[in-house]
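Let's take a relaxed walk through a protein model. Have a look at the fold first, and then we'll go through it piece by piece.

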Amino acid sequence: MIDPTPKNSKEAQKYKKMLEAPVKPLIASLALPSIISMLCTSFYNMADTYFVSKIDTTSTAAVGVTFATMAIIHAIAFFFGIGSGNSISRLLGAKKRTEAATMASTSFFYTFLCGLCIAILGNAFAAQLATLIGSTPTILPYAIQYMSVILIGAPVMMCSLVMNNHLRFQGSAAFGMVGITVGGFLNVFLDPLFIFKFHMGVAGAAYATILSQFVSFCILFAMTWRGGNIPIRLGNIHPSWPIAKEIVAGGAPSLVRQGTQSLSTIFLNVAAGAFGDAAIAAMSIVTRLSFFAASVVIGFGQGFQPVCGFSYGAKKYGRLREGFWFAVKAGTLFSLAAAAVAIFWATPILEEFRDDPLVISVGAAALRAQAVTFFLVPLTILSNMCLQTTRHTVGAMLVAAGRSGLFLIPTLMVLPRNFGLTGLVWSQSVSDICGFLLAAVLIRGFFQQIPKMDGAK
C-alpha cells in the first residue's frame, strides 16, 4: 500500500529536497556530515592505536590484532544498518512511510539481539578467538584484555551504527553526525585518562571506547525522533520473513565487504607475524591510517547513497547517473591528495605512533605502497554502494568481496612467501588494482541496463 504524500511539513520538505534539489550541492551537503561521522568512527580505532602505542610495541600489536574482531562487529552492524537503510530510502522515495517505519524498528531489534549473542559467545571463547585472529603468545594476554571489554559493548556499538545508517539513508546525515562526533571526541579524551591516569593499560582504551559508544547511542536514539525522521518504536517491531529477506538482500554486500575485510585482516596478521611483533604493529598502524583516509571516500559515497535510493525508487535514472559520477570524481581528487601526503610524509607520520625503528621502517614502506594505488579506491567503493542501494545484490557482493576477499587473501598467501617483507607491504596495492578492474566492468554493465533518461518525473 502506498501512503499519501507526507502530511508532515518536514517529511514533505525532505522528500522534495531528495528528488528535486540540484544533485551536486545535495550530495555535497549530505556527504559532509557523513564524512565527519566516518572520520569520528575511525577515530575510535585510531585513538586507541595512538595512545596504546605510547605503552609499547606488544600492546600496539595487540590492539591491531583485535581490529579483526571490531571488523566483524562492524560487518554485522552494517549488514543490518545498510540492508534496512537501502530499503528505507527506496520506500520513502516511493512514498511508503509506514513500511519504512516498520523496517527501521524491526532491524534495530534484530541488531540488538545479534549484538547480545556476540557479547556472550565472544567472551566465553575470548582466548580461542584472540588466537584465531592472529595473536602471538606474547600478544595474547593484552589482546584478551582489550577484546573482552570491546565485546561487552557490542550490542550498543552495533545499534549505534544501525541508527546512524537509518538517519543517513533518510537524508539526515547531519543528525547522525552529532551522535558519532560527540562519541569520537569523548573517546579521544577518555583514552589517555583511563590508560595513563587510572593505569588501566590496554583495557583502559577498550573501556573508553565502549563508554563513548554508549553516549553516541543515546544521542542517536534521540535524533531518530527529530527532524521528520523515523523513530525507533516498540510498537513498530514486527519480525517477519519479508523484512528479514529484504535486509539480507540489501545488507549481504556489506556483510561480504566487512566480513572479507575482517578475514583479510586475520591473514594480514598471520603473514606479518612471520616477521615478528614489530611487523604486526607496523601493518596494524598502516591499516588504521588507510581506513582513516578511506573514511572520507566512504563518507562521500554515503552522501550519494540516499540520493541513489530515492532516485532509483522514483525512477529518476538521469539524476542517479549524475550523482554517481560526481561522487567518483570528488573521491578521486581527494584520494590523489591523500596519496601525496602519505608518500612524502610516511616516515614522520609513523614516528607519531612509535619510536621503534623497525616499526617505522616497515610501516613507512607499506604506507607508501598503499598510497600508490589509493586513487583507484573511489570507483570501487562507489560502484559497490550504487549496486547495493539499487538492489543489484550479486554485483554488489562481487565488488564487495573483490579487494579484501577474492584478491587480497590469495595475494597475502603468495607474495610474502615469495618476496618476503616486500611482498607483504605490496599485497594490498595489488588487490586494489584487481578490485578496481572488477568494479569498472560491473558498474559499466549496470549503467548500460538502466535507461539513460528518467522513468518518472
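What follows covers confidence, the core, a network of charges, a few single residues and a patch on the surface.

**How far to trust it**

Keep in mind that this is a predicted model. Its mean pLDDT is 86, and 95% of the residues reach 70 or more. Which helices sit at the two ends of the confidence scale? Among the elements of the protein, helix H5 (residues 97–124) has the highest mean pLDDT, at 95, while helix H1 (residues 9–20) has the lowest, at 75. The start of the chain needs some care: over residues 1–5 the pLDDT is below 50. That stretch still has eleven contacts in the model beyond its near neighbours in sequence. Where pLDDT is low, though, the predicted coordinates should not be read in detail.

**Into the core**

Now for the inside. The largest nonpolar core has 123 residues, and the two members that touch the most others are Phe324 and Cys386. Helix H12 (residues 277–313) gives this core its largest share, 20 residues. There is also another core that lies apart from it, made of ten residues, including Met163, Leu167, Leu220 and Met223.

Try finding Phe324 in the viewer. What does Phe324 contact once you leave aside its neighbours within four places in sequence? The list is Phe304, Leu379, Leu382, Ser383, Cys386, Ile443 and Phe447. So Cys386, the other residue that touches the most core members, is one of the contacts of Phe324.

**A small network of charges**

How many salt bridges does the model have? The count comes to two, and Glu246 takes part in the one with Arg90 as well as the one with Arg391. Together, Arg90, Glu246 and Arg391 are linked in a network.

| Salt bridge | Closest N and O atoms |
|---|---|
| Arg90 and Glu246 | 2.4 Å |
| Arg391 and Glu246 | 3.3 Å |

Why is the Arg90 pair worth tracing along the chain? Arg90 lies in helix H4 and Glu246 in helix H11 (residues 241–273), so this salt bridge ties together parts that are 156 residues apart in sequence. The Arg391 pair does a similar job: Arg391 lies in the loop between helix H16 (377–389) and helix H17 (393–449), so its link to Glu246 in helix H11 ties together parts 145 residues apart in sequence.

Are the partners buried or exposed? Both Arg90 and Glu246 are buried. Glu246 has 18% relative accessibility, and because buried means under 20%, it makes the cut. Arg391 counts as partly exposed, because its relative accessibility is 36%.

**Around the network**

Two other residues help you picture the setting. Ser87 lies in helix H4 (residues 67–93), and at 4% relative accessibility it counts as buried. Leaving aside neighbours within four places in sequence, Ser87 is in contact with Met103 and Glu246.

Ala249 is found in helix H11. It is buried too, with a relative accessible area of 13%. Not counting residues up to four places away in sequence, Ala249 touches Arg391 and Thr393. For a sense of scale, Ala249 and Pro410 are 161 residues apart along the chain, and their C-alpha atoms are separated by 27 Å.

**Two backbone angles to look at**

Arg391 turns up once more here. Its phi is near 65 degrees, a positive value in a residue other than glycine. Lys315 also has a phi near 65 degrees, again positive in a residue other than glycine. Where does Lys315 lie? Lys315 lies in the loop between H12 and H13, and with a relative accessible area of 43% it is partly exposed.

**Out on the surface**

Finally, turn to the outside. Val341, Ile343, Phe344, Trp345, Val372 and Trp426 make a nonpolar surface patch of about 600 Å². Which helix gives the largest share of the patch? That is helix H13 (residues 317–344), with three residues. Phe344 lies in helix H13. It counts as exposed, because its relative accessibility is 63% and the cut-off for exposed is over 50%.

Conventions
Residues numbered from 1 in each chain as written. Predicted model: local features only at pLDDT ≥ 70, side-chain atom pairs only at ≥ 80, totals over all residues. Heavy atoms only, no water. Core = buried A, V, L, I, M, F, W, Y, C linked by side-chain atoms within 4.5 Å. Buried < 20%, exposed > 50% of the residue type's maximum accessible area, 1.4 Å probe, protein only. Helix = DSSP H or I, 4+ residues; strand = E, 2+ residues; numbered from the N terminus. Contact = heavy atoms within 4.5 Å. pLDDT = per-residue confidence, 0-100. Patch = residues over 30% accessible without salt bridge, like charges linked within 9 Å, V, L, I, M, F, W, Y side chains within 5 Å. Areas by Shrake-Rupley, 256 points an atom, 1.4 Å probe, with all protein chains shown as cover. Salt bridge = Lys/Arg side-chain N within 4 Å of Asp/Glu carboxyl O.
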